[in-house]
Amino acid sequence: MANSFAKFLPSSLIYLSFISIFATAKSHSFVRTISPTTLGLNKPQKLSHLHFYFHDIIDGPNQTAVRVAAASSTEKSPTGFGAVVMMDDPLTELPEASSKVVGRAQGIYASASQSELGFLMVLNFAFTQGKYNGSNLSVLGRNMVESAVREMPVVGGSGLFRFARGYAQARTYSLNGSEAVVEYNVVNGAWVIASG
């Protein structure tokens, strides 16, 4: 009798385990399908063009960008390959630093090319003024710094830019020592969605 119980027990445990797994999976699902209409995505998209200046200061008392990591070979690389920089740069209406601040560029850029000056940009444009106060646009892309115009994709957003997509064009306005001023033109499409 003990021998038949020993044979029965493992197969019963396996069977009960499968049943409990399937029962648990059905009763605790974390994914559900929703209609785009419930999110306001049945409305036409609204295109926006934003124009501002980005001030990246890598040294001095008003520093806005700090190198947080580097490879052992970074100092020997002509492109700074491997350097990772964290930024919290002001965005202004005009190229002058004293111009009205409309937001911050917050994120990371990293030297990602061994042959030319090219950055991987991962950043949020966090707006602080007007109707876009509290809204963000997210950019992820390649920034070939020596090109006259660089285009990077807008991959998302929040607030009034929820479900945003589009592009950001960057042009270097000025480069003096430790400060770069970059002009940005950002075109994005987003559904106008009421918060709530």
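Colleague: How many bridges join strand 6 to strand 7?
Modeller: This is a predicted model. In it, strand 7 covers residues 150–158 and runs antiparallel to strand 6. A hairpin of 5 residues connects the two strands. The number of bridges joining them is 4.

Colleague: Which residue of strand 7 stands opposite Val139?
Modeller: Strand 6 and strand 7 are antiparallel. Val139 has its opposite number in strand 7. That residue is Val154.

Colleague: And on the side of strand 5, over how many bridges do strand 5 and strand 6 pair?
Modeller: Strand 5 spans residues 118–127 and strand 6 spans residues 136–144. Their pairing is antiparallel, and within it Phe125 stands opposite Leu137 of strand 6. The pairing extends over 9 bridges.

Colleague: Which strand gives the most to the largest nonpolar core?
Modeller: The largest nonpolar core has 28 residues, and Phe52, Phe125, Phe127, Leu137, Tyr184 and Val186 have the most contacts inside it. At least two core residues come from each of strand 1, strand 3 (84–92), strand 4 (101–111), strand 5, strand 6, strand 7, strand 8 (165–176) and strand 9 (179–191). The one that gives the most, with 5 residues, is strand 5.

Colleague: Why would such side chains be found together?
Modeller: In soluble globular proteins, nonpolar side chains tend to be buried together. Here, the core in question counts 28 residues, among them Leu137. Beyond four places in sequence, the contacts of Leu137 include Phe125, Phe127, Val154, Phe161 and Val186. The general reason is the tendency of nonpolar side chains to be buried together.

Colleague: Arg150 is buried; what is the nearest side chain of opposite charge, and how many ångströms away is it?
Modeller: Arg150 is found in strand 7. A salt bridge requires a nitrogen–oxygen distance within 4 Å, and Arg150 has no salt bridge. The nearest side chain of opposite charge belongs to Glu183, at 9.4 Å.

Colleague: With which side chain does Arg150 make a polar contact of 2.9 Å?
Modeller: Apart from residues within four places in sequence, Arg150 is in contact with Asn143, Met144, Val145, Ala168, Gln169, Ala170, Arg171, Thr172 and Val182. Its side chain makes a polar contact at 3.2 Å with the side chain of Thr172. The polar contact of 2.9 Å is with the side chain of Asn143.

Colleague: How many salt bridges does the count come to?
Modeller: Side chains of opposite charge can pair when their charged atoms come close. One salt bridge is formed by Arg67 and Glu75, with closest N and O atoms 2.5 Å apart. Another joins Arg104 to Asp88 at 3.0 Å, and Glu116 pairs with Arg142 at 3.4 Å. The count comes to 3.

Colleague: Is Glu75 buried or exposed?
Modeller: Its partner Arg67 has 44% relative accessibility and counts as partly exposed. Over 50% is the cut-off for exposed. With a relative accessible area of 60%, Glu75 is exposed.

Colleague: How many residues apart are Arg104 and Asp88?
Modeller: Arg104 and Asp88 form a salt bridge. This pair links distant parts of the chain, with Arg104 in strand 4 and Asp88 in strand 3; the separation is 16 residues.

Colleague: In the pair of Glu116 and Arg142, where is Glu116?
Modeller: The closest N and O atoms of Glu116 and Arg142 are 3.4 Å apart. The pair links distant parts of the chain, 26 residues apart, with Arg142 in strand 6 and Glu116 in the loop between strand 4 and strand 5.

Colleague: What is the relative accessible area of His55?
Modeller: His55 has its place in strand 1, residues 45–57. Beyond four places in sequence, the residues touched by His55 include Thr64, Asp89, Leu94, Glu179 and Val181. Buried means under 20%. His55 is buried, and its relative accessible area is 1%.

Colleague: What distance separates the C-alpha atoms of Ser174 and His55?
Modeller: Ser174 lies in strand 8, whereas His55 is in strand 1. Ser174 is in contact with Glu179, Ala180 and Val181, leaving aside neighbours within four places in sequence. Along the chain, Ser174 and His55 are 119 residues apart, and their C-alpha atoms are separated by 9.7 Å.

Terms used:
Residues are numbered from 1 along each chain as its sequence is written. This is a predicted model: local features need pLDDT of at least 70, side-chain atom pairs count only at pLDDT 80 or more; totals for chains, interfaces and linings use all residues. Side-chain values use heavy atoms; hydrogens and water are left out. Two strands pair if DSSP finds at least two bridges between them. Buried means under 20% relative accessible area, exposed over 50%, partly exposed in between (1.4 Å probe, protein chains only). Lys and Arg count as positive and Asp and Glu as negative; His and the chain ends are not counted. A polar contact is a pair of N or O atoms within 3.5 Å; within protein, one must be able to donate a hydrogen and the other to accept it, and residues adjacent in sequence count only if both atoms are side-chain atoms. Contact means heavy atoms within 4.5 Å. A nonpolar core is a set of buried Ala, Val, Leu, Ile, Met, Phe, Trp, Tyr and Cys residues joined through side-chain atoms within 4.5 Å.
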